[in-house]
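Work through the exercises below with the sequence and the model open side by side. Each task is followed by its solution.

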Amino acid sequence: MGEVFHRANTRIGQNFLIDKNILQIILKHADISPDDSVLEVGAGKGILTRAILEKKPLVLYSLEIDRSLEPFLGELSDTFDNFKLFWGDALREGFPSSFDPCPNKIVANIPYHITTPLIWKVLEELAEKGLNYFLLMVQKEAAERICAPARCKERYPLGITLQSMGKPRILRLVTPESFRPAPSVTSALLEIRLSTKTHLPNCPLWRRLLRSGFAQRRKTLVNNLGRDFPELKKEIATMVTTLGYPATARAEELEVETWLDLLEVFAKRVDK
């Protein structure tokens, strides 16, 4: 393919990875084998795409929203039989039903402004079908929120969910100079291994508990939950203290295990 010029569309979060050292670090940790079915969201110019394909996975599914990148990605479609390219918006349209087999790994440099909703979407649609490994380039602050421990102000529902399902960790920080155009923020390579409770993202009560608990962060967990579960308002303080926390505790103070215990308690008391 001859030289093709493409101006990054920063409106949709395009910052293309150009640092080959970071690319090799991604490949090392992803540890792609011929048995792996890999998902990439935001293929861009195909730099990471090609590197994954050269590791010879069983299949690589790549999703890209920007059709102007077709000159770059079309060549890969012609070159690699195990490459399946889909055009569309993963957030609006979800993931193709034609994934067969379902991906077990997602490796991607995702648009930073959709990090949280995109991870939720992946969990909702693919976690129970076998996807159990994430290696994502995200904004540093997003990675820190996902990995935030109890009693940390950055703690939030997605991080608690991922920590309930497995182990998220920051592998390393990545400077803006590793991308073109350079973003105005520091990035982080985030690894997530899922090992249990893959049903949680699709559990309405779990999502409701977390959403309610963090609805007003300055208020206590008891007050927040009482607003959304008025039928249990008089009992919620007792539920929380029975689990070992004072009635004045805020949502970010609870350990993962306590959130799971709270789910079990509420499941017995809330009308189905």
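The exercises concern a predicted model and go from the sheet to the helices, the cores and single residues.

**Exercise 1. State the strand order of the open sheet of 7 strands and find the strands at its edges.**

Step 1. The order is β4-β3-β2-β5-β6-β9-β7, and the pairing is mixed.
Step 2. β4 (83-87) and β7 (166-174) each have a single partner strand, so one side of each lacks a neighbour in the sheet and these two are the edges.
Step 3. From one strand to the next, the twist averages 20°.

**Exercise 2. Give the sense of pairing of β7 with β9, and of β2 with β3.**

Step 1. β7 pairs with β9 (residues 187-194) in the antiparallel sense, over 8 bridges. Within β9, Leu189 is the bridge partner of Arg172.
Step 2. For β2 and β3 (residues 59-64) the sense is parallel, over 5 bridges. Here Val59 of β3 stands opposite Ser37.

**Exercise 3. Decide how far β2 is enclosed by the rest of the structure.**

Step 1. Take the two faces in turn: Ser37, Leu39 and Val41 lie on one side, Val38 and Glu40 on the other, and all are buried.
Step 2. That is 5 of the 5 residues of β2, so the strand is largely enclosed by the rest of the structure.

**Exercise 4. Identify the strands that helices α5 and α6 touch or lie across, and give a direction for each helix.**

Step 1. Helix α5 (residues 115-126) packs on the sheet and touches β2 (37-41), β5 (105-109), β6 (133-139) and β9. The direction of α5 makes about 165° with that of β6.
Step 2. Helix α6 (residues 140-147) lies across β6, β7 and β9, and runs at about 155° to β7.

**Exercise 5. Classify the packing of α7 against α11 and describe the contact.**

Step 1. The axes of α7 (residues 157-165) and α11 (residues 256-269) are 9 Å apart, at an angle of about 90°.
Step 2. Angles of 65 to 115 degrees count as roughly perpendicular; α7 and α11 are therefore roughly perpendicular to each other.
Step 3. α7 contributes Ile160, Gln163 and Ser164 to the contact, and α11 contributes Val256, Trp259 and Leu260.
Step 4. By type, these residues are 4 nonpolar, 2 polar and no charged.

**Exercise 6. List the buried residues of α9 and the helices they pack against.**

Step 1. In α9 (residues 221-228), the buried residues are Leu221, Val222, Asn224, Leu225 and Gly226.
Step 2. They pack against α8 (204-213), α10 (233-242) and α11.

**Exercise 7. Describe the nonpolar cores and the surroundings of Leu123.**

Step 1. The largest core has 61 residues, and Phe95, Leu123, Phe134, Trp259 and Phe266 have the most contacts inside it.
Step 2. With neighbours within four places in sequence left aside, Leu123 contacts Phe134, Leu158, Leu162, Met165, Leu194, Pro201 and Asn202.
Step 3. A second, separate core has 30 residues, including Ala51, Ile52, Leu69 and Val107.

**Exercise 8. Are Thr161 and Asp78 buried or exposed?**

Step 1. Buried means under 20% relative accessible area, and exposed means over 50%.
Step 2. Thr161, in helix α7, has 0% relative accessibility and so counts as buried. Apart from residues up to four places away in sequence, Thr161 touches Trp120, Pro201, Trp206 and Leu210.
Step 3. Asp78, in helix α3 (residues 70-79), has a relative accessible area of 69% and is therefore exposed.

Technical notes: Residues numbered from 1 in each chain as written. Predicted model: local features only at pLDDT ≥ 70, side-chain atom pairs only at ≥ 80, totals over all residues. Heavy atoms only, no water. Axes fitted to C-alpha atoms, helices over the stretch in contact; angles between N-to-C directions. Helix = DSSP H or I, 4+ residues; strand = E, 2+ residues; numbered from the N terminus. Parallel < 35°, antiparallel > 145°, perpendicular 65-115°, else oblique. Contact = heavy atoms within 4.5 Å. Nonpolar A, V, L, I, M, F, W, Y, C, P; charged D, E, K, R; others polar. Core = buried A, V, L, I, M, F, W, Y, C linked by side-chain atoms within 4.5 Å. Buried < 20%, exposed > 50% of the residue type's maximum accessible area, 1.4 Å probe, protein only. Pairing = 2+ DSSP bridges.
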